[in-house]
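Biologist: I am new to this structure and would like a close look at a single part. Please take the packing of side chains in the interior, and then say how the surroundings compare.

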Amino acid sequence: MKKKFIYSAVACLAIILGTAYYYFFSPFLSQPSETHYLYVDRDDNIDSIYTKLKPVANNGSFNGLKTLIRQSHYANNVRTGRYAIEKGEGAFTVFRRLKNGQQTPLNLTIPSVRTVDRLAAELSQKLMLDSVEIADALFSNEVCSKYGYDTTTIACMFIPNTYEIYWNTNLDKFLDRMHKESEKFWEADQRKDKAAAAGLTPNEVITLASIIDEETANNAEKPMIAGMYLNRLHLSSGEYPNGMPLQADPTIKFAWKKFELKRIYNNLLTIDSPYNTYRYAGLPPGPIRIPSVAGIDAVLNFTHHDYLYMCAKEDFSGTHNFAATYSEHLQNAAKYSKALNERGIK
């Protein structure tokens with residue numbers, strides 16, 4: 001009789017443990033080879049969380065999670081965030097992570113985009129932030145001045161590196177983080193000293209870098225282009241006592257907001273915009289895109305030479321012919337114009 005009792009007790013215990021394992025500790029994911037990320041935003045409640053989890057969960061583990069949640073106060077205290085569910089993890093681990101708000105950060109790469117509106121749209125796809133909320137802040141003089149910028153230079157604060165950040169970071173903390181990362185960037189590798197040696201502020205470096213990035217995707221050539229534009233900026237002669245106009249075609253595209261243009265005709269140079277570097281000397285008031293780190297470092301490590309002109313090569317390689325005199329430049333320009341006409345590019 002005693003043995004039967006022991007066997008029954010062991011059997012009952014085995015059933016209990018097996019049931020507990022099945023519901024609470026067996027793999028939660030139905031595809032256990034892949035990590036799944038659950039995004040819980042401001043509008044989510046317990047029902048919408050269940051809706052998001054059910055398609056990726058095993059039935060037993062899913063019911064186990066619901067049981068744990070019913071026995072807790074989590075349904076009344078849903079916490080936003082990005083939560084990883086790793087292979088092999090059970091419902092108990094998933095529940096504890098959600099309940100304690102143990103979210104997983106993501107790697108956010110700041111995109112090299114042309115406009116603040118585009119930046120806001122891209123960031124809103126990667127963070128729990130609304131694009132309108134971001135854009136409103138970046139177009140606000142009050143917000144921009146808090147970080148030492150204005151609405152034309154605020155893009156300078158966004159260095160296009162990759163940062164580990166929480167998906168549900170609020171806007172104030174996100175902007176604070178970007179400002180801190182920008183300061184770290186300029187303190188590193190003697191960048192501030194190099195900017196001063198080139199006669200530029202950090203914002204001016206980024207503005208020039210944005211033009212260079214629009215001129216070419218060839219990183220090896222960017223220091224050459226930087227040297228040419230700096231020669232124009234610093235030129236002092238009878239014709240250009242205060243520097244030669246940059247005459248940078250990408251700034252014309254930006255002024256017109258016509259980024260698809262392949263050729264810049266004379267009628268486009270008449271636009272009255274501070275970004276028209278054919279009409280106004282010096283750098284435009286701010287960057288025409290968020291430049292790459294390669295573009296920024298090209299300005300800081302520019303090539304010293306005597307070139308004042310450049311023209312895209314007629315082989316459409318994405319590189320340029322450089323010239324020290326205007327007569328040489330006209331010869332290069334004629335070759336490129338002929339190549340455009342032969343290809344029917346308007």
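Modeller: What follows goes from the interior outward to helices and loops.

This is a predicted model, in which local features need pLDDT of at least 70 and side-chain atom pairs count only at pLDDT 80 or more, while totals for chains, interfaces and linings use all residues. Residues are numbered from 1 along each chain as its sequence is written, and side-chain values use heavy atoms, with hydrogens and water left out.

The largest nonpolar core has 63 residues. A nonpolar core here is a set of buried Ala, Val, Leu, Ile, Met, Phe, Trp, Tyr and Cys residues joined through side-chain atoms within 4.5 Å. Buried means under 20% relative accessible area, exposed means over 50%, and partly exposed is in between, with a 1.4 Å probe and protein chains only. The members that touch the most others are I110, F158, F174, L175, W186, Y229 and I296. Take F174: leaving aside neighbours within four places in sequence, F174 is in contact with L108, I110, L123, L127, L129, F158, I165 and T169. Contact means heavy atoms within 4.5 Å. A second, separate core has 20 residues, among them V40, L53, Y74 and I85. In soluble globular proteins, nonpolar side chains tend to be buried together.

L123, one of the contacts of F174, also belongs to helix α5 (residues 116-124). Helices (H or I, at least four residues) and strands (E, at least two) are DSSP runs, numbered from the N terminus. In α5, the residues V116, L119, A120, A121 and L123 are buried. Their cover includes β3 (106-109), α6 (131-138) and α8 (171-187). An α-helix has 3.6 residues a turn, so residues three or four places apart point the same way.

The cysteines come next. C144 is buried, at 1% relative accessibility, and C311 is buried too, at 9%. A disulfide is a pair of cysteine sulfur atoms within 2.5 Å, and by this rule the count is 0. The closest cysteine sulfur to that of C144 is in C156, and at 11 Å it is too far for a bond.

Two helices can be set beside this. The axes of α10 (residues 202-215) and α12 (residues 249-256) come within 8 Å and cross at roughly 100°. Axes are lines fitted to C-alpha atoms, for helices over the stretch in contact, and angles run from 0 to 180 degrees between N-to-C directions. Angles of 65 to 115 degrees count as roughly perpendicular, under 35 as roughly parallel, over 145 as roughly antiparallel and the rest as oblique; α10 and α12 are therefore roughly perpendicular to each other. I211, E214 and E215 of α10 meet D249, P250 and T251 of α12.

Loops flank α12. Q247 lies in the loop between α11 (222-234) and α12, and is partly exposed at 28% relative accessible area. Not counting residues up to four places away in sequence, Q247 touches R232, T277 and Y278. K257, in the loop between α12 and α13 (293-300), is partly exposed at 46%. The phi of K257 is near 55°, a positive value in a residue other than glycine. Q190 also has a phi near 55°; Q190 is found in the loop between α8 and α9 (191-197) and counts as exposed at 54%.
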